[in-house]
Amino acid sequence: MLARALRPLEWALLAFFLFVLLWAGPGVFPAWKSILGGRATTVMFALGLVASVQLFWRFTALPWNPKVTESVRRVVWTALPLSLLPWLFALSVVVRGEVFQELLEAEVRTQLAAGAGMFMFTVGFGLPTFLGWLLFANLLREHGEVRWPRVRSAFVVAASTFRDWLPLLIILSGYEWMRGVVDAGFTGPRDALMRDIDLKIFFGTDPLDLLEKLIWKPLTEVIAFAYSFYAVLFPLV
């Protein structure tokens, strides 16, 4: 039963867990707050942003169910600004903060990196209430009512989507777990070995030499921005 329940990537993650456990012991696994650190939070933000955009498009494309009266429609639209209040609160916190004021006089690259983080905090803070509004608004507009079986079905779909993305969140946390593996002695002079592997993969040419031909200052700035705010990569995927 377990073999059928787990997906191939989940089996790979299970093998990774066992590897870390054997080399570093159970003490290497951090608390759950570490799993929901910066990298994992970025992915969760991207997932919520994409889901909200898709659900809003779906809501605007659906015709109103005939069972929904005009007064109920007004209530739905009135509830929309209320669901966005956390966004306004987070935006006011960011704009009134000392860091924001200092950024106005900082270099452009610093503004981009810090601004991306502020954007993620502001939008991400209000995503839960906006997604809640979208869920009930879509159900009401399509079916004319909100019943528990339909809400439960929507949560099942959301849980399945979260399961698709969960391995990525765990892999990102693996960076911190590998620190304990390295400290436990799984290390050594590996640079020469890795270079030999690179040469074999690229038919005797160092990949760094190949990449030198692509060096271009505007491209470097774009890649640096993507590294600072790589949440933008996940919506594109």
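Biologist: What share of the 237 residues in the chain is buried, and what makes a residue count as buried?

Modeller: Buried residues make up 25% of the 237 residues in the chain. A residue is called buried under 20% relative accessible area, exposed over 50%, and partly exposed in between, with a 1.4 Å probe and protein chains only. This is a predicted model, in which local features need pLDDT of at least 70 and side-chain atom pairs count only at pLDDT 80 or more, while totals for chains, interfaces and linings use all residues. Residues are numbered from 1 along each chain as its sequence is written, and side-chain values use heavy atoms, with hydrogens and water left out.

Biologist: How many helices and strands does the chain have, and how are they recognised?

Modeller: The chain has 13 helices and zero strands. Both are DSSP runs numbered from the N terminus: H or I over at least four residues for a helix, E over at least two for a strand.

Biologist: What fraction of the contacts with a separation of 6 or more is made by residues 24 or more positions apart?

Modeller: Such residues account for 77% of those contacts, where contact means heavy atoms within 4.5 Å.

Biologist: Why are α8 and α9 called oblique to each other?

Modeller: The axes of helix α8 (residues 108–143) and helix α9 (residues 148–183) cross at roughly 125 degrees and come within 11 Å. Axes are lines fitted to C-alpha atoms, for helices over the stretch in contact, and angles run from 0 to 180 degrees between N-to-C directions. Angles under 35 degrees count as roughly parallel, over 145 as roughly antiparallel, 65 to 115 as roughly perpendicular and the rest as oblique; α8 and α9 are therefore oblique. The contact joins Leu-135, Phe-136, Leu-139 and His-143 of α8 to Arg-150, Val-151, Ala-154 and Phe-155 of α9.

Biologist: What makes α2 and α9 roughly parallel by comparison with that rule?

Modeller: Helix α2 (residues 8–24) packs against α9 at about 15 degrees, with the axes 11 Å apart. That angle falls in the first class, and α2 and α9 are therefore roughly parallel. In the contact, residues of α2 including Leu-13, Phe-16 and Trp-23 meet residues of α9 including Ile-170, Gly-174 and Trp-177.

Biologist: Into which classes do the residues of the contact of α2 with α9 divide?

Modeller: They divide into 14 nonpolar, two polar and two charged. Ala, Val, Leu, Ile, Met, Phe, Trp, Tyr, Cys and Pro count as nonpolar, Asp, Glu, Lys and Arg as charged, and the others, Gly among them, as polar.

Biologist: How many aromatic pairs are there, and what makes two rings a pair?

Modeller: Rings of Phe, Tyr and Trp (its six-membered ring) pair if their centres lie within 6.5 Å; planes under 30 degrees apart count as stacked, over 60 as edge-to-face and the rest as tilted. The count by this rule comes to 12 aromatic pairs. Phe-45 and Phe-119 lie 6.1 Å centre to centre with 90 degrees between the planes, an edge-to-face pair. Phe-45 belongs to helix α4 (residues 38–61) and Phe-119 to helix α8, 74 residues apart. Phe-45 is buried at 5% relative accessibility, whereas Phe-119 is partly exposed at 41%.

Biologist: Which class does the pair of Phe-56 and Phe-59 belong to?

Modeller: With 6.5 Å between the centres and 40 degrees between the planes, Phe-56 and Phe-59 form a tilted pair. These two residues are three apart in helix α4, which means a separation of about one helical turn. Both belong to a cluster that ring pairs link together, with Trp-64, Trp-77, Trp-87, Phe-130 and Trp-133.

Biologist: How do you know whether Ser-83 is buried or exposed?

Modeller: Its relative accessibility is 8%, and Ser-83 therefore counts as buried. Ser-83 lies in helix α5 (residues 70–83). Leaving aside neighbours within four places in sequence, Ser-83 is in contact with Gly-126, Thr-129, Phe-130 and Trp-133.

Biologist: What is the phi of Phe-203, and where is this residue found?

Modeller: Phe-203 has a positive phi of about 55 degrees, although it is not a glycine. Most residues other than glycine have a negative phi. Phe-203 is found in the loop between α10 (191–201) and α11 (207–212), and at 78% relative accessibility Phe-203 counts as exposed.
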